[in-house]
Amino acid sequence: MIHVLLEKKGHVAVATVNRPQALNALNSEVLDDLNELVDTVKADGDIYALILTGAGEKAFVAGADIAQMSGLNAAEGEAFGKKGNDVFRKLETLPIPTIAAVNGYALGGGCELSMACDIRICSDNAVFGQPETGLGITPGFGGTQRLPRLIGPGMAKQLIYSARNIKADEALRVGLVNAVYPTGELMAAAEKLALTIASNAPVAVRACKKAINDGLEAEMDAAVVIEEKLFGSCFATEDQKEGMAAFLEKRKHEPYQNR
Ligand code: CAA
């Protein structure tokens, strides 16, 4: 991977989209590297949480690469959209929790990348938006689908139709991000959150992610069954035995073993 850097800190991994000269814009090569990142993280059973951020001080990701997209015909445009959607869907369904640490511009494909993560936190200089209609296109990496699901259709339609960018405080108000931090404190906050998540039973956290994601796509009667099955599966794990024994014996649990 050239355009995505991966660093492991214990059970937490930090991935950085690294193309700062183009504000980390997503061209085909960056999408290929993100695809490889997800495969690498998924294959590493020792990573319990993933943080995604952007290189440099200005941008998380400033969008899909406009220079690369400018000459596409309709079929090539559709294929480019599918390429991004496939990678982002793979990221969204990565079994472990993901945190987007949005450190500046998250526009177009950048906003869409953050929305494919489970949790978004940002720095106070962050700017979010779907500027595509101003360029003559629709959002193409999931924005028309994930933004309304996250913040509701009314506000999503307003932002997408108007192509208006919003600053961190408004992103917090509309529920696009969970928290805003001073720029220099963002990564520490992301790592603290990831460590907190990683200290809980990893099999249980993964089961929660699956229950929430799969359940949101199902009717409630089917959704609660999805939860029941995953809840039940936890009772076959060593971590459940240790977690509950520790509570009953009034002691701190041993570090969870992810099994
Ligand atoms: N694609 C390609 N290159 C980009 C880019 C993008 N999305 N965003 C920034 N860059 C490049 C610029 O062309 C510039 O390159 P050069 O130095 O070679 O000229 C470099 O990054 C720095 O950018 P600026 O000089 O523009 O920096 P700025 O501080 O003046 O402005 C910005 C920052 C407001 C983010 C501005 O760069 C901008 O508006 N970028 C485009 C944002 C955008 O429209 N994103 C959506 C793309 S469409 C999309 O993503 C479709 C989809 O859903 C899949």
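This note goes through the ligand site and then the two sheets of a predicted model.

1. On the basis of the model: because it is predicted, local features need pLDDT of at least 70 and side-chain atom pairs count only at pLDDT 80 or more, whereas totals for chains, interfaces and linings use all residues. Residues are numbered from 1 along each chain as its sequence is written, and side-chain values use heavy atoms, with hydrogens and water left out.

2. The ligand is surrounded by 23 residues, of which the closest are Lys58, Ala64, Gly109, Glu112 and Glu132; a residue counts here if one of its heavy atoms lies within 4 Å of the molecule. By class, this shell holds 14 nonpolar, 5 polar and 4 charged residues, where Ala, Val, Leu, Ile, Met, Phe, Trp, Tyr, Cys and Pro count as nonpolar, Asp, Glu, Lys and Arg as charged, and the others, Gly among them, as polar.

3. Backbone atoms make polar contacts with the ligand (pairs of N or O atoms within 3.5 Å). A nitrogen atom of the ligand lies 2.9 Å from a backbone N or O atom of Ile66, while a polar backbone atom of Gly109 is 2.8 Å from a ligand oxygen and one of Gly140 is 2.9 Å from a ligand oxygen. The protein covers 62% of the 980 Å² of accessible area that the ligand has on its own, as computed by the Shrake-Rupley method with a 1.4 Å probe.

4. One open sheet consists of 6 strands in the order 1-2-3-5-7-10, with mixed pairing; strands are DSSP runs (E, at least two residues) and helices are runs of H or I with at least four, and two strands pair if DSSP finds at least two bridges between them. Its edge strands, each pairing on one side only, are strand 1 (4-9) and strand 10 (179-181). Within this sheet, strand 5 (residues 98-102) and strand 7 (residues 119-123) pair in the parallel sense over 4 bridges, and Ala101 stands opposite Ile121 in strand 7.

5. Helix 1 (residues 28-43) lies across strand 1, strand 2 (12-17) and strand 3 (49-54), at about 25° to strand 1, the angle being taken between N-to-C directions on a scale from 0 to 180 degrees and contact meaning heavy atoms within 4.5 Å. Helix 8 (residues 186-199) runs at about 170° to strand 5.

6. A further open sheet has 4 strands in the order 4-6-8-9, again with mixed pairing. Strand 4 and strand 6 run parallel and are joined by 2 bridges, with Tyr105 in strand 6 as the bridge partner of Ala59.

Technical notes
A polar contact is a pair of N or O atoms within 3.5 Å; within protein, one must be able to donate a hydrogen and the other to accept it, and residues adjacent in sequence count only if both atoms are side-chain atoms.
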